[in-house]
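This report describes one protein model for a reader who has not seen it before. It begins with the whole chain and then turns to a few chosen places.

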Amino acid sequence: MLPTDFISRLQAIVGRDNLFTDPVDCYAYAYDNSRKIFPPEAVAFALNTQQVRDIIQLCNQCSVPVTPRGRGTGTAGGSIPECGGLVMSLERMRNIILVDPANRLIVAEPGVLNQEIQEAAKQHGFFWPPDPSSSAYCSIGGNLATCAAGPHAVKYGVTRDHVLGLKAVTGNGEIIKTGCATTKGVVGYDLTRLIIGSEGTLAVITEATLKLTPLPQSVGGITAHYADITHCARAITAIMAQPHIPSALEFLDSAALDLIRGRHPGLLPENSRAMLMIEVDGGTAEIADSAESIRLACSNDGLITAEATANPAGLWAVRKALSPLLRDIAPKKINEDIVVPVSRLPELLQGLGELSRKYRVANVNFGHAGNGNIHVNLLINPDDPDEMRRGEACLDEVFDLVLKLGGTLSGEHGVGREKRAYVGREIDAPTMALMKQIKLVFDPNGILNPGKLFP
C-alpha cells in the first residue's frame, strides 16, 4: 500500500486525470506480451520531461519502485512492475517535435508510435529503419529501451544505429542530454548507445533525435522454397556471403509453413518444408542485378523453386501474422529470439530439431535469418506440469547450444525478467560487476525498473 502522502504529492505533479489508483484501472498495466502479471499500486501518466523528473525524484524520496512503460508490447517482461510500486506510463507523451528533412532527422517523444514516425518521414521521402512486427502498436520509447529491430536490420541495422541523441531522466532524477544533432560527434562518452537497450534501468527517455534514411527507389521480392531445412540453411549462408546484401531475409520452418497453409490454403507449395522470404531494395537499375545474384545464391540441390514476387507487402503481412497466430494456438508459449553467426545457422537449426524431438516439445522457428536471429517458439501448456518441465529443460539446452555456437541469448526482445536467470551464462563475472556499478551511478537507490536484466 503506497503512503497517502506519496499519492497526494504524485497527484500534484500529474493531475487527477493522469493518475490511477483503483486496482481495476491499474490492472491493465500489470502485464505485457510476456503474459506474466504483477499489478502496480498506482499508475501515473507523465506528459513531459519535467513531470518525469519530478516523479522519479518523489519515488527516490519515498523509496517507491517505479517501472517506466510504453505500450506494453514487449515479450521479455521488461515493463511489468514485478516489485509493485508505481508504473510511470509514457504513452501520453505523443508529440513529434520536429521533422527536419534537410538534416535527415525527426525529434519525437517516447509515446509516438513507430508507424507514426514512418508516416511522418515518408512525406519527405525518408523512413526510420527499425521495423518490428508490432510497428503499428509499439512506441519508439519501447523500441529504444529494447534496441528493437525487425526484418530490415540485415541491411540497415538496429535501433541504436539510427539515433543521434536523447533527452532522458536518470534514476537519480537528473535530466541529461546525450549525443548531438549531427551524424559526426565524438565529444565525451557515447551515453546514447549505453541507454538504448538498457530497458529503462538506467534512465527514462523523454525525447529522441532519430536519424532518417532515404526511401529506396525500388523494392523487389523473391520467395524460395526448399525440400528440407538443411538446404535452406545452406542457402542463407550463401546469400549472406555474396556482395549483394538483401534488405530483408526471413526464414520459416516447416511448422510455420503449416500454420500459414491452415490460414491461407493454396498460398504455398505443398512440398515445401522450409522457406525464405527475400527483399531487395535500391536504385531501379540495380534491383534486377541484386535479385538475380541472390536468386543464384539460393540455388542448391534442395531448392524447389525461387521466384520473383510482385507483392512483397502481401508476404510481409503473412509473416507478421505468425506471432499472433501462434498466440492463438499456445497462449503461454515460450518465445525466444536467439542469435548466432550466420555461418552457424545450419548447426543451430539442426540442433533445434534434435532438441524438439528429444524433449517431445512442439517447436516453430522463423525469423530474421540474415542476422542469424531466429524466433524459437516452444508450444507448451503451462497447465501440464510434465510438458512444462520438458519445455524448460529444452529451453535450457537451446541456450547452451546458442552460446556454444558463438551466439547471444537475445537479439531484439531484451532480457527483462524472462531471461535474467540466464544472463550469467553469456556475460562473465567481471563484466557483470561493471554493469552493476554503472547501474548504481545512474540509479543509486535502485528504484528504477528494479528486478530487470540482472540475476
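The protein exposes about 19300 Å², and carbon and sulfur atoms supply 53% of that area. The model is a predicted one.

**The whole chain**

The secondary structure comes to 16 helices and 18 strands. The radius of gyration is 22 Å, close to the 23 Å that the globule rule gives for 455 residues, so the protein is as compact as a globular protein of that length. Taken along the principal axes, the box filled by the C-alpha atoms is roughly 70 × 60 × 45 Å.

Of the 455 residues, 54% count as buried. Among contacts with a separation of 6 or more, 72% join residues that are 24 or more positions apart. The protein has 42 positive and 49 negative charges, and the mean positions of the two sets are 2 Å apart.

**Helix H14**

Helix H14 covers residues 385-404. At 1.5 Å a residue, its 20 residues should span 28 Å, and the end C-alpha atoms are 29 Å apart, which agrees. The buried residues of H14 include the charged residues Glu 387 and Arg 390, and also Gly 391, Cys 394 and Leu 395. Further along the helix, Val 398, Phe 399, Leu 401 and Val 402 are buried as well.

What do the buried residues of H14 pack against? Their partners are two strands, E16 (334-339) and E18 (373-378), and two helices, H13 (345-359) and H15 (423-426).

**Two isoleucines in strands**

Ile 97 lies in strand E5, which runs over residues 96-100. Ile 205 lies in strand E10, residues 203-211. Are these residues buried or exposed? Ile 97 is partly exposed, because its relative accessible area of 46% falls between the 20% and 50% limits. Ile 205, at 8% relative accessibility, counts as buried because this value is under 20%.

Leaving aside neighbours within four places in sequence, Ile 97 is in contact with Val 107, Ala 108, Glu 109 and Glu 207. One of these, Val 107, is 10 residues away along the chain, and its C-alpha atom is separated from that of Ile 97 by 5.4 Å.

With residues up to four places away again not counted, Ile 205 touches Leu 90, Pro 110, Leu 144, Leu 166, Lys 167, Ala 168 and Ile 195. Ile 195 is also 10 residues from Ile 205 along the chain, and the two C-alpha atoms are separated by 8.4 Å.

**Two residues with positive phi**

Most residues other than glycine have a negative phi. Cys 147 has a positive phi, near 55 degrees, and Asn 449 has one near 45 degrees. Cys 147 is found in the loop between helix H5 (140-146) and helix H6 (153-156). Asn 449 sits in the segment after helix H16 (429-442). Cys 147 counts as buried, and Asn 449 is buried too.

The table gives the relative accessible area of the four single residues described above.

| Residue | Relative accessible area | State |
|---|---|---|
| Ile 97 | 46% | partly exposed |
| Ile 205 | 8% | buried |
| Cys 147 | 6% | buried |
| Asn 449 | 1% | buried |

Technical notes: Residues are numbered from 1 along each chain as its sequence is written. This is a predicted model: local features need pLDDT of at least 70, side-chain atom pairs count only at pLDDT 80 or more; totals for chains, interfaces and linings use all residues. Side-chain values use heavy atoms; hydrogens and water are left out. Helices (H or I, at least four residues) and strands (E, at least two) are DSSP runs, numbered from the N terminus. The radius of gyration is taken over C-alpha atoms; the globule rule is 2.2 Å times the number of residues to the power 0.38. Buried means under 20% relative accessible area, exposed over 50%, partly exposed in between (1.4 Å probe, protein chains only). Contact means heavy atoms within 4.5 Å. Accessible areas come from the Shrake-Rupley method with a 1.4 Å probe; for residues, only the protein chains shown count as cover. The place of a charge is taken as NZ of Lys, CZ of Arg, CG of Asp or CD of Glu. The expected span of a helix is 1.5 Å times one less than its number of residues.
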